[in-house]
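Me: Please take a close look at one part of this model. Start from a single residue and work outward from there. Short sentences will do.

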Amino acid sequence: MPRFSAGEREIIRQRLMREGERLFAAFGVKKVTVDEIVRATGIAKGTFYTFYPSKEHLYLDIAGNLQLQMWRDMDAFLKEHRALSPRALCKGCFLWMFDELQRYPMLRRADGETADYLYRKLPPEAIEAHTQDDRRELAKLEEFGIRFACGPEIATKALQTLAVAFLNLQQEEADSRQAVMEIILDGVLKELIVDEDH
């Protein structure tokens, strides 16, 4: 097993993240091979496996980092719109996030088929760790008065499912996509968010 200094590890990790994102955005996780990733990064195949057990683990790591960037950017949206009712604020957040996908080609390329593939290829603990990250970020919404009627675990899984459904709508015309997303969000958030009058 190769030994790397902390600085070398960080350089290699950054290269894997950058080139992995570029390849996954262009071709999707299913079509990209580990050989293509190592060729693009200029590292040996054994080195790749020192960092990640599979290309799917790399994909999930990159996706998680991109999502965290989006959540951080969303803080400004939340602060700017905090006067909205909790349900309207939550709806605005999710519509904002799907608009933000345009900045993240790898995430924009994902769809239900991508999610199914990752669920088949990754061990349950990798998926659960990703869900925990989403749950932590979702808990931040409570700081803005958004309370979930069903608890954070169910809310997280419901919103993850909703996100995959919305990714499948990307091929629709913008007006149609927006109308469908709003209808679905209104229904789901009515069940998920504690009514501000209670």
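Reply: Ile-184 is partly exposed, because its relative accessibility of 31% lies between the 20% that bounds buried and the 50% that bounds exposed. Keep in mind that the model is predicted. Ile-184 sits in helix α10, which covers residues 174-192. Ile-184 also belongs to a nonpolar surface patch. Its partners there are Val-180 and Ile-183. Together the three residues make about 240 Å² of nonpolar surface.

Stay with helix α10 for the next contact. Asp-186 and Lys-91 meet through their side chains in a salt bridge, at 2.9 Å from N to O. This pair links distant parts of the chain. Asp-186 lies in helix α10, Lys-91 lies in helix α5, and 95 residues separate them. How accessible are the two partners? Asp-186 has 39% relative accessibility, so Asp-186 counts as partly exposed. Lys-91 has a relative accessible area of 16%, so Lys-91 is buried. The cut-off for buried is under 20%.

Lys-91 leads on to helix α5 and its neighbour. Helix α5 spans residues 86-100, and helix α4 spans residues 55-80. The axes of these two helices come within 10 Å. They cross at roughly 135°. Why is this pair called oblique rather than antiparallel? Roughly antiparallel requires an angle over 145 degrees, and the ranges for roughly parallel and roughly perpendicular end at lower values, so an angle outside all of them is oblique. Helices α4 and α5 are therefore oblique to each other. The crossing of α4 past α5 is right-handed.

Now the loop between α4 and α5. His-81 is found there. His-81 counts as partly exposed because its relative accessibility is 25%. Phe-144 lies 63 residues away from His-81 along the chain. Even so, the C-alpha atoms of His-81 and Phe-144 are separated by 9.6 Å.

Back to the charged pairs. The count of salt bridges comes to 13. The Asp-186 to Lys-91 pair is one example, at 2.9 Å. Another joins the side chains of Lys-140 and Glu-137, with 3.1 Å from N to O. Lys-140 is partly exposed, because its relative accessibility is 32%. Glu-137 is buried, because its relative accessible area is 11%. Salt bridges also form a network through shared partners, joining Glu-10, Arg-13 and Asp-61.

A further salt bridge is made by the side chains of Arg-18 and Glu-19. Here the distance from N to O is 3.8 Å, and the cut-off is 4 Å. Arg-18 has a relative accessible area of 48%, so Arg-18 is partly exposed. Exposed would need over 50%. Glu-19 is buried, because its relative accessibility is 13%.

Finally, the setting for these parts. The protein has 10 helices and 0 strands. From the N terminus on, each element in the run is an α. The C-alpha atoms fill a box of roughly 60 × 35 × 30 Å along the principal axes. Of the 198 residues in the protein, 42% are buried. Lys-91 is one of the buried residues, at 16%. Ile-184, where this look began, is partly exposed at 31%.

Conventions. Residues are numbered from 1 along each chain as its sequence is written. This is a predicted model: local features need pLDDT of at least 70, side-chain atom pairs count only at pLDDT 80 or more; totals for chains, interfaces and linings use all residues. Side-chain values use heavy atoms; hydrogens and water are left out. Patches are made of residues with over 30% relative accessible area and no salt bridge: like charges are joined within 9 Å, nonpolar side chains (Val, Leu, Ile, Met, Phe, Trp, Tyr) within 5 Å. Accessible areas come from the Shrake-Rupley method with a 1.4 Å probe; for residues, only the protein chains shown count as cover. Helices (H or I, at least four residues) and strands (E, at least two) are DSSP runs, numbered from the N terminus. Buried means under 20% relative accessible area, exposed over 50%, partly exposed in between (1.4 Å probe, protein chains only). Axes are lines fitted to C-alpha atoms, for helices over the stretch in contact, and angles run from 0 to 180 degrees between N-to-C directions. Angles under 35 degrees count as roughly parallel, over 145 as roughly antiparallel, 65 to 115 as roughly perpendicular and the rest as oblique. A crossing is left-handed if the near helix is turned anticlockwise from the far one by less than a right angle, and right-handed if clockwise.
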